[in-house]
Amino acid sequence: MTHKLIPNQKAPNLSVKTVSGETWTLTEQSPQNYTLIVFYRGVHCPICQSYLADLEQKLDQFQKLGVEPIAISGDNFEKAKQAKTDWGLDSLKVGYGQTLDSMRQWGLYISKAAFDYEPQIFAEPGLFLIKPDHTIYY
């Protein structure tokens, strides 16, 4: 079941491994203003590549605003690392291995592969701003 998320409610639990080898957990984040969570389809998505490359170029601006971004997909480690490397995401934190259950908890639309190069299932993009108290702002 997909959940409908609305501002000011507590964000669902979220914990993923990152390409850099750490475990990133939403409840452990304490940004100055917001945590920006960008859910992307995966390395197979050229639109996501453009979007995340643009985000990479704006990380300094986000930092000045007190916003800490992370990009997350259901890709496995190898594919997430490929995206980070091939897309030039030198500084952007990239998480991987989001589960189907987590995708549903975050209200993401779930797609099934239409082409051989796509994962069997993957989440469509989603963007969330989370306040330091872990409630949804946007």
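**Group meeting presentation: a walk through the model**

Leaving aside residues within four places in sequence, Gln 49 makes contact with Asp 86 and Trp 87. I begin with that residue, and I should say at once that what we have before us is a predicted model.

Gln 49 belongs to helix H1, which covers residues 46-57. With a relative accessible area of 33%, Gln 49 is partly exposed, because that figure falls between the 20% limit for buried and the 50% limit for exposed. Lys 84 can be set beside it: Gln 49 and Lys 84 stand 35 residues apart in sequence, and their C-alpha atoms are 9.4 Å apart in space.

Let me turn to the cysteines. How accessible are Cys 45 and Cys 48? Cys 45 has a relative accessibility of 4% and counts as buried. Cys 48 is also buried, with a relative accessible area of 4%. How many disulfides does the model contain? The count comes to 0 disulfides, where a disulfide would require a pair of cysteine sulfur atoms within 2.5 Å.

Next, the largest pocket. Its volume is about 220 Å³. The lining of this pocket is made by 16 residues, and those nearest its centre are Leu 59, Val 67, Glu 68, Pro 69 and Lys 93. Which elements give two or more residues to that lining? They are helix H2, residues 59-64, and strand S4, residues 67-72. Strand S4 gives the most, with 4 residues. Sorted by class, the lining of the largest pocket holds 8 nonpolar, 6 polar and 2 charged residues.

Glu 68, which I have just named among the residues nearest the centre of the pocket, brings us to Gln 29. Setting aside residues up to four places away in sequence, Gln 29 touches Trp 24, Thr 35, Glu 68, Pro 132 and His 134. Where does Gln 29 lie? Gln 29 is found in the loop between strand S2, residues 23-25, and strand S3, residues 34-39. Is this loop residue buried or exposed? Gln 29 is buried, because its relative accessible area of 15% is under 20%. One of its partners deserves a separate mention: the side chain of Gln 29 makes a polar contact with the side chain of Trp 24, at 3.2 Å.

His 134, another partner of Gln 29, leads to the matter of backbone angles. Most residues other than glycine have a negative phi. His 134 has a positive phi of about 70° although it is not a glycine. His 134 is located in the segment after strand S8, residues 126-130, and is buried, with a relative accessible area of 15%. A positive phi is found for Asn 8 too, where the value is near 75°. Asn 8 sits in the segment before strand S1, residues 15-18. Is Asn 8 buried or exposed? At 57% relative accessibility, Asn 8 counts as exposed, because the limit for that class is over 50%.

Let us remain in the segment before S1, where Ala 11 is also found. Ala 11 is buried, with a relative accessible area of 11%. Which residues does Ala 11 touch, not counting those up to four places away in sequence? The list is Leu 26, Trp 106, Ile 130, His 134, Thr 135 and Ile 136. His 134 thus appears in the contacts of Ala 11 as well as in those of Gln 29. Ala 11 and Thr 27 are 16 residues apart in sequence, with 9.2 Å between their C-alpha atoms.

Ile 6 lies in the segment before S1 as well. Ile 6 is partly exposed, at a relative accessible area of 45%. From C-alpha to C-alpha, Ile 6 and Leu 59 are 26 Å apart, and 53 residues separate them in sequence. Leu 59 is among the residues nearest the centre of the largest pocket.

I close with Lys 112, in strand S6, residues 110-112. This lysine is exposed, with a relative accessible area of 69%. Apart from neighbours within four places in sequence, Lys 112 is in contact with Glu 118, Gln 120, Ile 121 and Phe 122. Finally, the C-alpha atoms of Lys 112 and Ala 123 are separated by 8.9 Å, and the two residues are 11 apart along the chain.

Note on methods:
Residues numbered from 1 in each chain as written. Predicted model: local features only at pLDDT ≥ 70, side-chain atom pairs only at ≥ 80, totals over all residues. Heavy atoms only, no water. Buried < 20%, exposed > 50% of the residue type's maximum accessible area, 1.4 Å probe, protein only. Contact = heavy atoms within 4.5 Å. 1 Å grid on protein atoms, 1.4 Å probe; cavity = no way out; pocket = protein on both sides within 12 Å on 5 of 7 lines; lining within 4 Å. Points joined across faces, edges and corners; volume = space filled by probe spheres on them. Nonpolar A, V, L, I, M, F, W, Y, C, P; charged D, E, K, R; others polar. Polar contact = N/O pair within 3.5 Å; in protein donor to acceptor, adjacent residues only side chain to side chain.
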